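Biologist: Please take a close look at one part of this model and tell me how its pieces are paired and packed. Keep the rest of the chain to what is needed for context.

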Amino acid sequence: MKKSPFTFHLPEILLIAMVLFSAVMLGFSSGKFIVSFNSVGFTVFSSLQKGLNSVVYFFTDKVDGIKEISNLKQKYARLKDKLEDYEQIKRVNTEYVKENERLKSLLDFRDTIEYKNIPARIIGRDPDALYSGITINKGARHGVRKGMSVIAVQNGDRGIVGKIVTVGYGTSIIMPVYDSQCHISVRIQNTRDVGIVSGTGTQEKYLKLNYIRKRLVADFHTGDIIVTSGENGNYLADIPVGRISNITSLDYSSSLDIDVDPIIDFARLEHVIIIDLTEAAEKKTND
């Protein structure tokens, strides 16, 4: 049997044990082991505390985040409502501005008319009647009488609307130029040739200009303005009625077939001016 290369004798073992014992006692007496135990305990406790704080912070942060999202949604809803209210106010203000501009144009035009005139507002339309009546909020108590002519200002342009055909105490009915029973003596503004404009029964279609001779076709063009002639004392002279939109020469007729687009957009018409030519007619008769 081989002997172990290292052999320990009892004196050597005792010597080693005494050295280790002395080192341990020296460590306790100096306090180094106590400090080490405290350090280990603090490290373990602080690590646990840090982990716990991390978990608590994570959940607290999530809860706060959910609350913040809820608050932001409520703020967004309130701001959205305020924005809608602002947009509504803005639209209303825009409408008021446009309305004031229309009324200003109407009043400015009234000041240029030398005849007595009565402003009125459209309150109804009756396209299914015998004539396409337009009802206004002025009547006999305001001085309105049957046969008076009606004009309007729209987008800065003045134009003929029609004439009064029915008068009530506080309201009246206008027969517009597009009515098939309406006939107005007119002139081509550039050439001064006289004709008759008649309605075709609906505001969606053109008017008809009749009794313009064929030989005059080279003297005017599409886009030329048709104005009232002022004859017969029914309408003021030189008030625009419409613009020529089409000219056709018919073989079987000595007159041209002419389409006229009305100056006034009746679908957007709101205010009108009633013209009283009675005083002018009476003055002319007395002279």
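Modeller: Two strands pair if DSSP finds at least two bridges between them. Strands (E, at least two residues) and helices (H or I, at least four) are DSSP runs, numbered from the N terminus. This is a predicted model, in which local features need pLDDT of at least 70, side-chain atom pairs count only at pLDDT 80 or more, and totals for chains, interfaces and linings use all residues. Residues are numbered from 1 along each chain as its sequence is written, and side-chain values use heavy atoms, with hydrogens and water left out.

The part I take is a barrel that 6 strands close in the order β6-β7-β8-β11-β10-β9, with antiparallel pairing. From one strand to the next the twist averages 40° (axes are lines fitted to C-alpha atoms, for helices over the stretch in contact, and angles run from 0 to 180 degrees between N-to-C directions).

I start at β6 and β9. Strand β6 covers residues 183-188 and β9 covers residues 225-228; the two run antiparallel and are joined by 3 bridges. Isoleucine 188 has isoleucine 226 of β9 as its bridge partner. On its way to β10, isoleucine 226 stands opposite glycine 242. The antiparallel pairing of β9 with β10 (residues 240-249) rests on 3 bridges.

From β10 the barrel goes on to β11, to which β10 is joined by 7 bridges, again antiparallel. Isoleucine 244 stands opposite valine 260 of β11. Along the chain, a hairpin of 6 residues leads from β10 to β11. Strand β11 also pairs with β8 (residues 207-210), antiparallel and over 3 bridges. In that pairing lysine 208 stands opposite aspartate 259, while leucine 209 has isoleucine 258 as its bridge partner.

Next, the loops. Serine 229 lies in the loop between β9 and β10. With a relative accessible area of 11%, serine 229 counts as buried (buried means under 20% relative accessible area, exposed over 50%, partly exposed in between; 1.4 Å probe, protein chains only). The side chain of serine 229 makes a polar contact of 2.6 Å with the side chain of serine 185, and also reaches the backbone nitrogen of glutamate 231 at 3.2 Å. A polar contact is a pair of N or O atoms within 3.5 Å; within protein, one must be able to donate a hydrogen and the other to accept it, and residues adjacent in sequence count only if both atoms are side-chain atoms. Not counting residues up to four places away in sequence, serine 229 touches Ser185, Val186, Arg187 and Ala237, where contact means heavy atoms within 4.5 Å.

Serine 180 sits in the loop between β5 and β6. Its relative accessible area of 43% makes serine 180 partly exposed. Leaving aside neighbours within four places in sequence, serine 180 is in contact with Gly199 and Gly201. The C-alpha atoms of serine 180 and glycine 201 are 4.6 Å apart, although 21 residues separate the two along the chain.

The same loop holds one half of an aromatic pair. A search of the whole structure finds 1 such pair. The ring centres of tyrosine 178 and phenylalanine 266 are 4.9 Å apart and the planes stand at 85°, so the pair is edge-to-face. Tyrosine 178 is in the loop between β5 (172-176) and β6, phenylalanine 266 in the loop between β11 (256-262) and β12 (271-276), and the two are 88 residues apart. Rings of Phe, Tyr and Trp (its six-membered ring) pair if their centres lie within 6.5 Å; planes under 30 degrees apart count as stacked, over 60 as edge-to-face and the rest as tilted. Both tyrosine 178 and phenylalanine 266 are buried.

For context, another barrel is closed by 6 strands in the order β1-β2-β5-β4-β3-β12, with antiparallel pairing. There the twist averages 45° from one strand to the next. Strand β1 (residues 116-126) pairs with β12 over 6 bridges, antiparallel, and arginine 121 stands opposite histidine 271 of β12.

The protein chain as a whole comes to 3 helices and 12 strands. Of its 287 residues, 29% are buried. Among contacts with a separation of 6 or more, 56% are between residues 24 or more positions apart. The exposed area is about 19500 Å², of which carbon and sulfur atoms supply 57%; areas come from the Shrake-Rupley method with a 1.4 Å probe, and for residues only the protein chains shown count as cover.
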